[in-house]
Amino acid sequence: MTTKERESNFLSGTSKFRLWMYQHSKTLRQIGLVVLQIALTVFMFTFLIPTLWMVVSSLKASTEIFSHPIVWIPKDPQWRNYVRAFQELPLERFAWNSFVVVVGAVVGTVISSALVGFSFARLRWPGRDFLFSLVVATLLLPGVVLLIPRFVIFRNLDWINTYLPLIVPFWLGGSPFYIFLMRQFIRGLPKELDDAALIDGANRFQIFARIILPLCKPVIATVTVFSLLEHYNAFLEPLIYLNSMDMWTLPIGIRGLNDAYAANWELVFAASTVMMIPMVLLFIFAQRYFVRGIATTGLKG
Amino acid sequence: MFPNTALTLSGLILQFELDDVDSTNAYGECYRAVPVFLESEVVMAAANREAKPQRKRANLSPLTRRRERWAYFFISPWIIGFLAFTLIPILATLAFSFTDYNPVVPEETTFIGLRNYGTLLTDSKVGTSLMVTVRYAILAIPVTFAFGLGLALLVNNKHLLGKSGFRTLFYMPSMIPVVAGALIWAGVMNTQTGWVNLGLGLVGIKGPDWLNSTRWIYPALVLIGLWGIGNLMLTLLAGLQGVPNELYEAAEIDGANQAQQFWYITMPMISPVIFYNLTLMLIGAFKYFDLAYVLKNGTGGPVDATLFYNLNLFKNAFNYNLMGYGSALAWVLLVIVLVLTILLFSSSNRWVYYAGEGKK
């Protein structure tokens, strides 16, 4: 009899079980891990399948989409669906509109939030702390409260049905979140850099443009990527400000397609796939800034 | 995707807050996550102002003057934008709410006092839309939250293979545009032919008509919302990774089991992140619009079951051109959100724990 067995003779049933658990804890943990690994993988696939199904369906003949059982590999891929989607609707026009709005708004967001963030982070001036608390307060402000007057303002400026309402506010520091991010990041940069440049005779703008901005690359990347996503997906504001079809951005246009061709799922799916592609590419190339940016870099292990 | 950009950003703010604290302050401060920026930034600002003796403006050195001039130059875009697109609109909304402003005939606008607010009390759609919003929030917030936390805990497992792969791929659907997402799910949840119901049919359950039933539309919306859980998962994950290992080691020596460790260490330590996400989700419920609009073509159907507060406001203001009335609705929304935020913040003293401060 080994010591272990002798010990176990003195123990009650549950304790024996616990001892057994203890003796086999390593194996048990490994089994648990394998189960977890498999469960997560399965779950992840259920997460991704809807998207995959849409992409596959965009290549099907309309009879195949909802057929029983699900067709995963279309017999005869209908690339024509894409051609038809472009023919039925001015998708390329929507894409161009989206492009203009997104580029305009993102560039404005980056520039204005960097300038404003720098002022909040680096310069001392009366009223700064009060204004910064206003920036923080606007973070929690529900946007709809501003919707009606903004619409009236833009209408009086004759900006309805132009790109301007979707771009100009972002050149004027319209994104408190990004101002906040910029300020936090710039505050973390060593102040000695500014002082050294100041002694060398640089003015504040030179300090900003030549020293701070180049060091801000990581935060600029983050702001760019996230505001890109935000503006590309924007729905409510374009819906209000753009009423004529040739000014529609992709989300509004594709919703219109869904309205008009509700029965033609393959066209709707083809157009949606087209709309999704840039974001998927962005995700693949800028993944670092999404996932690692959120989850780990700030935490150092 | 669906829990909107605010959630997306929550992750970032968390990151930068931690970054900042990490690089400048003592080690123990790391776990004071996000709401710091909402509470202390403002509080600290006020405190700083009191502490600093005000110098007379006339005595300022030329260097200071120049610095201030530059500062105002840098800040000017925001000030113009804030005045033109935030402050004036808020006040204008209030002013409009006392009129019958209609953009088609703006010259006929008259002051009608509190009549819009009177209408609001008797308008059954307002009550309906509030109920829809509340019903959705009550279902969505706990489910989404439990799900996000569960996923974060699982993905946080040290021994898991391909951790970053899981994180990336679970995050992925958050990238899919709302409109595309809504269309995908409209297909997937299709009554007879959508494969959710086909799957349920295989195990002998007759699937409901998800999107056309006043009962099943909420679970359907929550389910679709779960698809965009990536941001929540990542912020919670960041919170979990911020909990110092020593705490668990100490607890283990004291004989605490896994469940106890979770309740007495993990939960208090990540409570700031929980608090922050809760605030955002609550405000998010009152901002809910895109998905309901795309899925049901803005009708609010079935039978007003997706007539969210925001959608009702939008229809009044932009479909029926009742902008005066819409403005009154907007102000009521503002007050509701304000009250909820204040309630949450005042409750936070009781359950949100900031390490390094002791219990407040």
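Me: Into which domains is chain A divided?
Reply: This is a predicted model, in which local features need pLDDT of at least 70 and side-chain atom pairs count only at pLDDT 80 or more, whereas totals for chains, interfaces and linings use all residues; side-chain values use heavy atoms, with hydrogens and water left out. Residues are numbered from 1 along each chain as its sequence is written, while chains are lettered from A and ligands numbered from 1 in the order in which they are written. Domain bounds come from an automatic or database domain assignment, which divides chain A into domain 1 (1-50) and domain 2 (84-296).

Me: What distance separates the centres of domain 1 of chain A and domain 2 of chain A?
Reply: The two domains of chain A span residues 1-50 and 84-296. Their centres are taken over C-alpha atoms, and the separation is 49 Å.

Me: How many helices and strands does chain A have?
Reply: Both kinds of element are DSSP runs numbered from the N terminus, a helix being H or I over at least four residues and a strand being E over at least two. Counted in this way, chain A has 15 helices and 0 strands.

Me: Which residues of chain A have pLDDT under 50 throughout?
Reply: pLDDT is the predictor's confidence in each residue, from 0 to 100, and its mean over chain A is 83, with 89% of the residues reaching 70 or more. One stretch stays under 50, although the model gives it 20 contacts (heavy atoms within 4.5 Å) beyond four places in sequence. That stretch of chain A is residues 295-301.

Me: Which helices of chain A each supply at least two residues of the nonpolar patch?
Reply: Phe17(A), Trp20(A), Met21(A), Leu28(A), Ile31(A) and Val35(A) form this surface patch, with about 570 Å² of accessible area together (Shrake-Rupley method, 1.4 Å probe, only the protein chains shown counting as cover for residues). Such a patch is made of residues with over 30% relative accessible area and no salt bridge, with nonpolar side chains (Val, Leu, Ile, Met, Phe, Trp, Tyr) joined within 5 Å and, in charged patches, like charges joined within 9 Å; a salt bridge is a side-chain nitrogen of Lys or Arg within 4 Å of a carboxyl oxygen of Asp or Glu. The helices that each supply at least two of the residues are α2 (13-23) and α3 (25-57).

Me: Is Leu28(A) buried, partly exposed or exposed?
Reply: Leu28(A) is found in helix α3 of chain A. Buried means under 20% relative accessible area, exposed means over 50%, and partly exposed lies in between (1.4 Å probe, protein chains only). With a relative accessible area of 32%, Leu28(A) is therefore partly exposed.

Me: Which residues does Glu237(A) contact, leaving aside its neighbours within four places in sequence?
Reply: Glu237(A) belongs to helix α13 (residues 236-241) of chain A, and its relative accessibility of 22% makes it partly exposed. Beyond four places in sequence, its contacts are Leu147(A), Arg150(A) and Leu166(A).

Me: Is Gln261(B) buried or exposed?
Reply: Gln261(B) is found in helix α12 (residues 258-287) of chain B. Not counting residues up to four places away in sequence, Gln261(B) touches Tyr248(B), Ala251(B), Glu252(B), Ala256(B) and Thr266(B). Its relative accessible area is 7%, so Gln261(B) is buried.

Me: What is the phi of Val303(B)?
Reply: Val303(B) lies in the loop between α13 (290-295) and α14 (309-319) of chain B, and it counts as exposed at 73% relative accessibility. Most residues other than glycine have a negative phi. Val303(B) is not a glycine, yet its phi is positive, about 40°.
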